[in-house]
Amino acid sequence: MQIKKIPGAPVPADVTLAPPGPGDVLVRLRAAALNFADLLMTQGHYQETPSPPFIPGLEGAGEVIATGPDVLIPPGTRVAVLSQGTVAQANLFPAASCHPIPNGMSFEEAAGFLIAYGTSHFALTRRAGLRQGETLAVLGAAGGVGLTAVEIGAALGARVIAVARGEDKLTVARAAGATDCIDSAACPDLRAALRELGGADIVYDPVGDKPGEAAFGALRPGGRFLIIGFAGGRPPALPLNHALVKNIAIHGFYWGGYQKLDPALLRQDIAALFALYDQGRLRPHVGATLPLERLDEGYELLRSRRSTGKVIISL
């Protein structure tokens, strides 16, 4: 598949691949994950949208079938791929973007593991400094990244308040470890609802807009607000005077930026996540698995915010 114009939908395309060069691997992809960033790229609204034509997909999983000189990953290795161009049956990637996956992890789980879990784990542990016993409020708690924040927060000993739209989504959040749940579709005052539950030490916000503003108002003194994304359509208008008076820290967090900012730290974090998976403390939730010919349906699930967990494209 390729995005040949912006705005534009993915269309089938045959691409001839060169043999892998130094530092490259050729991967036979078995699954790819869709992220909200993929949807933004089709509209030209993402901060790192490639120039068309380009192959969509930021993460996937498959088997290494050939390597370039000086590559230490042997052919046959099952890997998760963190690189542009994963919605393809095969593609070339930098070896540094390929991470061997645990034996018990399926390609579908691995395809959607790195970005969502990586975002939540890094943001909660390294930026917000989540401590055992603290209260974590998660907006969009049944979405691709929100659900991982619920699961990781619970695994690290936090009390997790999940905010999501509808009982079906809240059921998924409870299964991931949420202690308390708020149905945003039936809640006229989110700030008051969070305060009735005692407020939050940390707010994890991939939604923005009015929900982000309301959750900010429920932070306790010394709280931390994590800006993860703007699925609600615009950034939250946060009152900085309240941040000053209440000693609240506001952390903007873009996980992909650490591929350049501190790639060694990013790899450490990925290793910690795979260890949590091996220990049985993380169980990725695949909300939908679609064949490649139904890729448009996958984008629509993201656009309508009807998905829970990750949307996976089988290849």
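These are my notes on the cores and salt bridges of a predicted model.

Entry 1, nonpolar cores. I looked up the largest nonpolar core and found 58 residues in it. Phe 113, Leu 124, Tyr 204 and Trp 255 touch the most other members. Helix 10, residues 263-278, gives this core its largest share, seven residues. Another core, of 27 residues, lies apart from it; Val 27, Ile 73, Val 87 and Ile 313 are among its members.

Entry 2, Leu 124. I left aside neighbours within four places in sequence and listed the contacts of Leu 124. Among them are Leu 136, Ala 149, Ile 152, Ile 202, Tyr 204 and Leu 226.

Entry 3, Leu 302. I found Leu 302 in helix 11, residues 295-304. Leu 302 counts as buried because its relative accessibility is 11%, and the cut-off is under 20%. Its C-alpha is 6.4 Å from that of Phe 36, although the two are 266 residues apart in sequence. Beyond four places in sequence, Leu 302 also contacts Leu 34, Asn 35, Leu 39, Ser 307 and Val 311.

Entry 4, salt bridges. I noted 13 in the structure. Lys 310 pairs with Glu 59, with 3.1 Å between the closest N and O atoms. Lys 310 is in strand 13 and Glu 59 in strand 2, so this pair ties together parts 251 residues apart in sequence. Both Lys 310 and Glu 59 are buried.

Entry 5, Glu 134. I found Glu 134 buried, at 8% relative accessible area. Glu 134 forms a salt bridge with Arg 131 at 3.0 Å, N to O, and another with Arg 224 at 2.7 Å. Arg 224 is buried too.

Entry 6, a network. I noted that salt bridges link Asp 209, Lys 210, Glu 213 and Arg 234.

Key
Residues numbered from 1 in each chain as written. Predicted model: local features only at pLDDT ≥ 70, side-chain atom pairs only at ≥ 80, totals over all residues. Heavy atoms only, no water. Core = buried A, V, L, I, M, F, W, Y, C linked by side-chain atoms within 4.5 Å. Buried < 20%, exposed > 50% of the residue type's maximum accessible area, 1.4 Å probe, protein only. Helix = DSSP H or I, 4+ residues; strand = E, 2+ residues; numbered from the N terminus. Contact = heavy atoms within 4.5 Å. Salt bridge = Lys/Arg side-chain N within 4 Å of Asp/Glu carboxyl O.
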